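Biologist: I have the sequence and the model open here. Could you walk me through the sheet?

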Amino acid sequence: MDEKQSYPRSLQARSGSAQWVGREAELTLLQELLTTLTRGTGGCALVEGPPGIGKSSLVTEALSRASRDALQVLRGSADEFCVSLPFQLISEALRPVRVSESLPQQGSLWGASARNPLAAGVQEALAYVERACALRPVVLVVSDLQWADEASLTVLGGLSRLTDQLPLLLLTELTSGSTREEVHQLRRAIRSRGGHGLRLGPLDPKQTVRLAQEFLGVPLAPRLRRLISQTGGNPLYIREVTASFVREQRIEILEGRAELAARAEGDEELPRSLGAAIAGRIGHLSKDTYEVLRTASMLGTTFESAELAAVVGWSAERVGEALGEAAATGVLRDSGTAAEFHAPLLRHALYESMPASVRGLKHRRTAQVLSEGSWPAERVAAHLAAASGAPDEWTLTWLASHATALLYRVPELARDLLQRATDQLSWGDERREPLEAVLAMAAFLRGKLPECEALASRVLASTQDGAHAAEMTWIMGYALLHQGRPAEAVEAVTAAARRWDLPPVWEARLLALQSVILNAVSDETAEAVTREALERGRALGDAQTIAYTCNAKLVRLAMAHDFEGSGRCLEEGLAAAGADPQVADVRLLLLCNSIYHWRNVDRVDLAAQSAREARKLAVEVGTARLGVVIVSTADYAYSTGEWDEAIADLEMVGELPDRYANIMGYGTAAVIQMQRGELAAAQANLDRIGDPDAMIPVARLNSSHQWRARLELAVVQGRRDEILAMLRFIADGHFAGVSEGHPRLLAAAVRIAVRLEEADLAADLVAMARTARQEDSRAVMAAAAQQCQGIHEGDPDALREALEYFRSATRPVDAAECAEDLSVALAEAGETEGARAAMLEAAEGYLALGATGALDRADARWRQVGLRRGVQGSRKRPASGWASLTPTEQRIAELVAEGLSNPDIGERLHTSRRTVQTHVTHILAKLGLRSRNEVARMRADRSAGEAAS
């Protein structure tokens, strides 16, 4: 029999080299995902389970077995301090981009209302990952998802939607029990993409013993085996229990097996919990190391030694010695550029070992130390948020001087801190008012308009500062207008001028706001107010006043069909706005309106340029105006026949909070879907709009697309009474204006009235078109009036003139419909050869647009006049394969095959990365492929085939 031998302490806890135990199936699945990734196909997996169950170990083991040279591995972890810090998690994972550092440090309160740097940061992070995937497959590992900040969760949600088209594997780890809705949304998004859910449970008794044996490196004797099997199968608990026995020198080797020495009654008892086992490990640290680690626990699961040294006030050498001991005992591990707790529970145990009152004081002290260094303001704010008790004088003073910067960078955290501060400050304290002003702006940025109104009212009730009053009046006026209370908005603006001695520049700006409100509701005083505001803005040279007033004026002039005047306003407004970030908001509005202006005067080149500039600026500033930009560019794409581009843009409209933009976007999508024969999708979008009678006037004037979709859907469904009511509504002039779809709506209405043999109604509609032509100087209205006349009277000459214009003005939708009308008129006049030529032109136009629904409707109409397309003109795009791709999709597929990322393709084609993403998804579906690599192989095979032939 062998003699007893002491177990060497140096052999403890060798999990890194141990044979993997108890997770073979899960490990195999992750390895398969990694192998598939090396071939270019991405995916998602969510590993979930209780603390210590081995989530991170499982992912780490899978990665250790993968071909690391073929992959880029990016890792980030969260902790409870991350929740309120935007991009904290994703910035750790994407260290080269450091998204959070790109956020502005300072700025005026007004500047914060013009931009949304958080939204811009999301786009920057997504673009970074997309470009990284173009170089090499990427594995993004995210630990402790339950503590992830909202901005990082938004990025992860966006990345989950990219895994079906990028070589990107998203591996997320979540501790069970999270109640955060944002986390559950990401879980649902991962599952909706076909992601794998791996729920880890405890090891069974045999696996538990086997894992302990792997830690110790020798088999277990019966008594130790029996005790270890009682640990409940939590791998971390098993590790900590085994390590504690080794530290306490209670393991001895007997006949080649590890046994637990029985030294005293009760010594065989296990630590009562995982927490107690971890506390036992921590309890063996030296006093210096223990204290420095308690401070480190306040900095997060991962921390920089320089930050820790500054907070504890020690030299770098002394801190380094303490961290070295912690690493040697398995409490910390080196993560490359920083130190990291080996397990979140270790950090949590150290943190909880401090009394709450002590933690609060230490957080406040940490905030002060960091504020004196170069650490960003949001790090200071996070510690202030964790400090206990009411804010002290230093905290109140610091918040007063950093409130605006926090509003930019950490709006939710800023709101909570400022609310605590204002609750502490007396009404007479001079620091209270500016803090409440920032709170009001925070509510405005979050879209909490009633809250914004209440806070702004409170500031306005007490302030003696004209500049503060003006800023609050501006956001309050906008809040009231967007809540459908324009009269109250005007009253708030005019009251400000009566009550306060405003700076001249703010007098002018509020007059500009009044102009915006009055023009939005077509008030008769709008013209005079607009004129005065513009004069004051010019005299002061104030870009904000000039730009907002010019935008309001150009809309009014366009509605009055004065396109020369609206063009001058547009030029002046854009020149005033320039590249000033403080007026990025109105520059976007001007660019969107310039798309319509240049389209109205048939300058397609300049309209396209404005669309490109609007998309680019919207991404750069992350504006809340993104919805307006999307519907404006999509409307333009619809009119120029780029329907796939329009639909790709409009797919994200429902994600945006802008109700007005959604109304227009759903209408544009619905009219395209009706013409493509996608009736259910069109109906769904019309249902999303709701009651058209409830729309504000400006939305009603721009709703011609949705009305045409409603009208044609009613025709398909045979609802005659409803059709006649809508036709009468149109004939009565309810859509007189300058909306892009108005001429097309009039022609469709006449076409339907003639088909229903409603002669009087058709005549009224033609009269409406003639009246519109007299009031509206646009060439498109003249052509529309000719088209309406030609449809009603069967006049080929009128239709030929209209068709000639539509061709020359790059209006392929109008041209196809007018060619159809011409073919019918010529057939009825007995001019068969000309009728057939016009029919084929219309058919080719519809096929190019993918307008199969419109083509089916035209076929029925042609059959009634004896026309048949036959084989010629019947070429429909197939449903799958390379030939099924639209011209835009083919171009994008070519660029994908070249290895370009979505952002780079977007820059090449002057569109957004999100639009390209949507196109790539459609391309993969049509081609039946799973990765961009497969697109490249298919394109290469096609090229080889073409060369051989």
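Modeller: This is a predicted model, in which five strands (DSSP runs of E, at least two residues, numbered from the N terminus) form an open, parallel sheet in the order β3-β4-β5-β2-β6, where pairing requires that DSSP finds at least two bridges between two strands. The edge strands, each pairing on one side only, are β3 (72–77) and β6 (196–199).

Biologist: Which pLDDT limits apply, and how are residues numbered?

Modeller: Local features need pLDDT of at least 70 and side-chain atom pairs count only at pLDDT 80 or more, while totals for chains, interfaces and linings use all residues. Residues are numbered from 1 along each chain as its sequence is written, and side-chain values use heavy atoms, with hydrogens and water left out.

Biologist: How many bridges join β2 to β6?

Modeller: Four bridges join β2 (residues 43–49) to β6, and the two run parallel; in this pairing A45 stands opposite H196 of β6.

Biologist: And β4, is that buried or exposed?

Modeller: Six of the six residues of β4 are buried, meaning under 20% relative accessible area with a 1.4 Å probe, protein chains only (exposed is over 50%, partly exposed in between). On one side these are V138, L140 and V142, and on the other V139, V141 and S143.

Biologist: What are the pairings of β4?

Modeller: β4 pairs in the parallel sense with β3 over six bridges and with β5 over five. V73 stands opposite V139 in β4, whereas L140 stands opposite L170 in β5.
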